[in-house]
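Me: Pick one part of this model and take me through it closely, then follow the connections outward. I'd like the reasoning spelled out along the way.

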Amino acid sequence: MQIMKYPHPALRQKAEPVTALSKELELLVGGMLELMYKHEGLGLAAPQVAAPLRVLVMNFAADPQQKDKEFVAINPVIVEASKQIIDGREGCLSFPELYAKVRRSKKVKVQAYNLKGELYEMICEDLPARVWQHEIDHLDGTLFIDKMGMVGRMNSKKYLKQFEEEYYEAQKKGEIPPDLPPKF
């Protein structure tokens with residue numbers, strides 16, 4: 001299992017709802033948590049590991065020792081978002097070393113299922129709210145670069161070009177199938 005980097009098409013694929021709990025799902029979640037911690041992320045969505053399922057993992061402290069801050073979300077939805085919008089610096093494991101300001105709701109109310117199939121609800125604000133919104137966007141094929149303002153997009157151009165060049169190079173080496181066109 002590895003993190004797909006932009007412009008891999010898996011990042012633009014709309015994820016399918018999970019319809020049953022299984023050992024495979026538990027293994028997917030375990031691998032995602034391991035990758036998230038290895039890369040010091042706050043969250044990771046299944047499409048980022050080329051699994052087109054509505055599953056994400058998060059730890060608002062980015063610390064594997066703080067299990068109380070760790071969440072698994074199956075079929076998560078934002079049921080309410082505040083009208084108050086705040087700018088905040090974001091990064092993404094699919095865009096290493098790229099950070100930009102993104103506007104998000106300050107507060108959200110979310111619902112999701114855990115690995116036991118139990119529905120839970122959470123109201124959070126600031127960083128946890130930002131992480132929820134960022135990761136749920138991944139499930140819909142929306143990337144944080146899509147949410148950047150004009151200045152952020154202009155400042156990101158060289159990084160995006162570099163990611164695209166690395167993608168094509170990986171295709172030349174046979175690491176990515178040549179018939180897998182990137183999705184911008």
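Reply:
**A close look at Gln-48**

Let's start with the company Gln-48 keeps: leaving out residues up to four places away in sequence, Gln-48 touches Gln-2, Ile-3, Met-4, Leu-11, Cys-92, Leu-93, Ser-94, Glu-135 and His-138. Keep in mind that this is a predicted model. As for its address, Gln-48 sits in the loop between β1 (43–45) and β2 (55–59). Is this loop residue buried or exposed? Its relative accessibility is just 1%, and because buried means under 20%, Gln-48 counts as buried. One of its neighbours, Ser-94, also makes a polar contact with it, side chain to side chain, at 3.0 Å.

Two other names on that contact list, Glu-135 and His-138, lead us to α2, where both are among the buried residues. The rest of the buried set in α2 is Ala-129, Arg-130, Val-131, Trp-132, Gln-133, His-134, Ile-136, Asp-137 and Leu-139. That makes eleven buried residues out of 13, so α2 is largely enclosed by the rest of the structure. Its geometry holds no surprises: α2 reaches 19 Å from first C-alpha to last, close to the 18 Å expected at 1.5 Å a residue. Following α2 comes Gly-141, with a positive phi near 80°.

Now for the charged pairs. Side chains of opposite charge can pair when their charged atoms come close. Across the whole structure, a search turns up 14 salt bridges. Three of them are worth walking through here.

Take the one that starts from α2. Arg-130 and Glu-90 meet through their side chains in a salt bridge, 2.7 Å from N to O. Arg-130 belongs to helix α2 and Glu-90 to strand β4 (residues 85–92), so this pair ties together parts that are 40 residues apart in sequence. Sharing of salt-bridge partners joins Glu-90, Arg-104, Arg-130, Asp-137 and Lys-147 into one network. Both ends of the Arg-130 pairing are tucked away: Arg-130 is buried with a relative accessible area of 7%, and Glu-90 counts as buried at 4% relative accessibility.

Another salt bridge brings us back to the loop we started in. Asp-140 pairs with Arg-54, their closest N and O atoms being 3.1 Å apart. Asp-140 lies in the loop between α2 and α3 while Arg-54 lies in the loop between β1 and β2, so parts that are 86 residues apart in sequence are tied together. The two partners fall into separate classes: Arg-54 is buried, with a relative accessible area of 12%, whereas Asp-140 at 32% relative accessibility counts as partly exposed.

The loop after α2 also holds the other pair. Here the side chains of Asp-146 and Arg-12 form a salt bridge at 2.5 Å, N to O. Since Asp-146 is in the loop between α2 (127–139) and α3 (150–172) and Arg-12 is in the segment before α1 (23–38), the pair ties together parts that are 134 residues apart in sequence. Asp-146 counts as partly exposed at 31% relative accessibility. What about Arg-12? At 19%, and with the cut-off being under 20%, Arg-12 counts as buried.

Last stop: the sheet on either side of the starting loop. β1 and β2 belong to an open, antiparallel sheet of five strands, ordered β1-β2-β3-β6-β7. Its edges are β1 and β7 (119–125), each of which pairs on one side only. On average, neighbouring strands of this sheet are turned by 40° against each other, direction ignored. Out at the β7 side, β6 (residues 107–113) and β7 pair in the antiparallel sense over seven bridges, with Val-110 standing opposite Met-122 in β7.

Helix α1 packs on this sheet and touches β1, β2 and β3 (70–81), its direction making about 40° with that of β2. Those strands, β1, β2 and β3, are also part of what covers the buried residues of α1, among them Leu-25, Leu-28, Val-29, Met-32 and Leu-33. The 16 residues of α1 should span 22 Å at 1.5 Å a residue, which agrees with the 22 Å between its end C-alpha atoms. After α1 comes Glu-40, which has a positive phi near 60°.

Technical notes:
Residues are numbered from 1 along each chain as its sequence is written. This is a predicted model: local features need pLDDT of at least 70, side-chain atom pairs count only at pLDDT 80 or more; totals for chains, interfaces and linings use all residues. Side-chain values use heavy atoms; hydrogens and water are left out. Helices (H or I, at least four residues) and strands (E, at least two) are DSSP runs, numbered from the N terminus. Buried means under 20% relative accessible area, exposed over 50%, partly exposed in between (1.4 Å probe, protein chains only). A polar contact is a pair of N or O atoms within 3.5 Å; within protein, one must be able to donate a hydrogen and the other to accept it, and residues adjacent in sequence count only if both atoms are side-chain atoms. Contact means heavy atoms within 4.5 Å. A salt bridge is a side-chain nitrogen of Lys or Arg within 4 Å of a carboxyl oxygen of Asp or Glu. The expected span of a helix is 1.5 Å times one less than its number of residues. Two strands pair if DSSP finds at least two bridges between them. Axes are lines fitted to C-alpha atoms, for helices over the stretch in contact, and angles run from 0 to 180 degrees between N-to-C directions.
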